[in-house]
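The following exercises treat charged pairs, aromatic rings, selected residues and domains. Each task is followed by a solution in steps.

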Amino acid sequence: MPRQESLELTRRVLKHFENDTLDTVDDLWREPRAAFVDRKRFDAEVAMLRRVPHVIGWAGEVAVPGQYTAKEVMGVPVLVVRGKDGSLRAFLNGCAHRGAQVAAGCGMTRLFTCPYHGWAYGLDGRLVGAPARRMFSGALDDRRLTPLPVSEQAGLITVGLTPDVTVDDPFGAIAEPLGQYDFASRHHAETRRFVIAANWKLVVDVNFEGYHFPYVHPDTLDPIATNNSVFDVYGCHNRWAFPFRDIVQFRDKPECDWPDQFFGTVVYGLFPGCVLVEAPASYQMLRIYPGSNPAESIVYMTYGSPNPITTEQEREWYRLSMDAVCNVLCNQDFPMAQACQRGLDAGVVEVLFGRNEPILHHLAASRRQALGAQ
């Protein structure tokens with residue numbers, strides 16, 4: 001984050017500290033129970049989510065030719081690779097023979113080889129080798145990995161799940177603040193996958209309000225952070241920033257002595273379900289998708305590194321850091337989302353967002369607008 005932007009966020013949260021306030025909105029928001037339990041609504045959301053761009057990684061994960069990363073997006077296996085010419089390409093991660101995945105995880109390669117029958121593909125997706133090739137004579141000339149739309153903007157990788165999805169300008173106005181980070185050189189440390197017994201929207205929402213800090217995080221977040229938070233909206237995307245309690249130490253210091261990086265956590269919501277969490281020495285990306293029914297979601301939590309991880313000591317440091325993050329998410333936040341789902345399944349008639357939960361208003365409005373546009 002550029003220093004000027006950090007200073008502006010610091011000014012805003014320090015004013016809230018003085019007044020014991022936070023950024024709010026004027027009205028309440030009522031979200032009906034059906035948004036979280038109704039199968040017809042769920043199916044409409046899944047259809048909408050398959051037609052919008054998805055942020056799936058940092059460009060630094062595929063920074064050099066031959067570097068690739070394999071992801072799952074809405075149940076679709078996706079392969080992204082940096083070509084020999086430096087171009088970024090995305091494909092369905094499925095062999096043109098039977099559909100088996102040709103890559104897993106991340107790494108460097110010159111060829112993708114299907115583990116089922118040994119069919120091989122170049123970095124451009126073209127079929128370059130097939131055992132017993134003559135047995136398929138007449139059917140191989142146009143065989144290749146199926147291309148998908150992909151873009152690289154603000155140091156982030158965005159894909160479309162069908163050829164007709166436009167990914168040329170996925171961010172709009174939020175591209176500028178995103179572009180100030182080092183996403184283009186951010187490396188992959190570790191990814192963990194979770195299946196959560198809660199609607200995907202409930203799982204997204206736990207990341208965007210601090211009202212729950214004293215009750216859900218009394219021994220983790222609440223001792224170090226406060227809900228004197230600020231938010232900004234950029235079309236269907238958003239930014240939410242909450243400070244560490246010790247930020248008060250800068251209240252009586254000249255701005256030239258304030259830190260270059262915001263002394264707290266900045267959370268970006270990239271529609272529809274990508275959450276970027278930026279804090280000092282901590283870089284996280286959550287990708288949140290619907291599961292097989294309204295009461296299930298799939299979460300991929302990725303920890304990033306500013307430099308390549310080359311030693312066992314570094315790997316251990318990131319593993320422990322990931323453990324700490326997962327402790328907060330898996331033992332505190334996600335159980336609350338699941339508890340909400342149980343209540344809604346049992347008949348709670350609606351979800352109420354208060355004036356002190358402004359980002360949740362924005363998220364709900366953005367989803368409604370996207371559903372209406374389909």
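**Exercise 1. Salt bridges**

Task: State how many salt bridges the structure holds, and place the one between Arg12 and Asp232 in the fold.

Solution. The total is 26 salt bridges, where a salt bridge is a side-chain nitrogen of Lys or Arg within 4 Å of a carboxyl oxygen of Asp or Glu. The model is a predicted one, in which local features need pLDDT of at least 70 and side-chain atom pairs count only at pLDDT 80 or more, while totals for chains, interfaces and linings use all residues. Residues are numbered from 1 along each chain as its sequence is written, and side-chain values use heavy atoms, with hydrogens and water left out.

Step 1. The closest N and O atoms of Arg12 and Asp232 are 3.1 Å apart.

Step 2. Arg12 belongs to helix 1 and Asp232 to strand 14 (residues 230-234), so this salt bridge ties together parts that are 220 residues apart in sequence. Helices (H or I, at least four residues) and strands (E, at least two) are DSSP runs, numbered from the N terminus.

Step 3. Asp232 is buried, at a relative accessible area of 19%. Buried means under 20% relative accessible area, exposed over 50%, and partly exposed in between (1.4 Å probe, protein chains only).

**Exercise 2. Two further salt bridges and a network**

Task: Determine which parts are tied together by the pair Lys71 and Glu61 and by the pair Arg367 and Asp205.

Solution. Step 1. Lys71 and Glu61 meet through their side chains at 2.9 Å, N to O. Since Lys71 lies in strand 3 and Glu61 in the loop between strand 2 (54-58) and strand 3, the pair ties together parts that are 10 residues apart in sequence. Both Lys71 and Glu61 are buried.

Step 2. In the salt bridge of Arg367 with Asp205, the closest N and O atoms are 3.1 Å apart. Arg367 lies in helix 8 (residues 358-373) and Asp205 in helix 5 (residues 200-205), so parts that are 162 residues apart in sequence are tied together. Arg367 and Asp205 are both buried.

Step 3. Salt bridges with shared partners join Glu5, Arg12, Asp23, Asp232 and Arg239 into one network.

**Exercise 3. Aromatic rings**

Task: Classify the aromatic pair of Tyr68 and Phe112 and the pair of Trp240 and Phe242.

Solution. Step 1. Rings of Phe, Tyr and Trp (its six-membered ring) pair if their centres lie within 6.5 Å; planes under 30 degrees apart count as stacked, over 60 as edge-to-face and the rest as tilted. By this rule there are 13 aromatic pairs.

Step 2. Tyr68 and Phe112 stand 5.4 Å centre to centre with 85° between the planes, an edge-to-face pair. Tyr68 is in strand 3 (residues 67-73) and Phe112 in strand 7 (residues 112-113), so the pair ties together parts that are 44 residues apart in sequence. Tyr68 is buried at a relative accessible area of 12%, and Phe112 is buried at 1%.

Step 3. The ring centres of Trp240 and Phe242 are 4.9 Å apart and their planes meet at 45°, so this pair is tilted. Trp240 is buried, with a relative accessible area of 4%, as is Phe242, with 6%.

Step 4. One aromatic cluster is formed by Tyr181, Phe183 and Tyr268.

**Exercise 4. Surroundings of Thr10 and Tyr121**

Task: Is Thr10 buried or exposed, and which residues does Thr10 touch?

Solution. Step 1. Thr10 is placed in helix 1 (residues 3-19) and is buried, with a relative accessible area of 5%.

Step 2. Not counting residues up to four places away in sequence, Thr10 touches Ile247, Trp258 and Phe262. Contact means heavy atoms within 4.5 Å.

Step 3. For comparison, Tyr121 lies in strand 8 (residues 120-121) and is buried, with a relative accessible area of 0%. Beyond residues up to four places away in sequence, the residues that Tyr121 touches include Cys95, His97, Phe112 and Arg144.

**Exercise 5. The two domains**

Task: Describe the interface between domain 1 and domain 2.

Solution. Step 1. The assignment gives domain 1 (1-52 + 171-373) and domain 2 (58-164); such bounds come from an automatic or database domain assignment.

Step 2. The C-alpha centres of domain 1 and domain 2 lie 31 Å apart, and 27 residues of domain 1 are in contact with 18 residues of domain 2.

Step 3. Domain 1 and domain 2 bury about 1900 Å² between them, 63% of it on carbon and sulfur atoms. Buried area is the accessible area (1.4 Å probe) that two parts lose on being put together, summed over both. In domain 1, Arg50, Phe171 and Phe183 lose the most area to domain 2, together 30% of what that side buries.

Step 4. Between domain 1 and domain 2 the count of salt bridges is zero.
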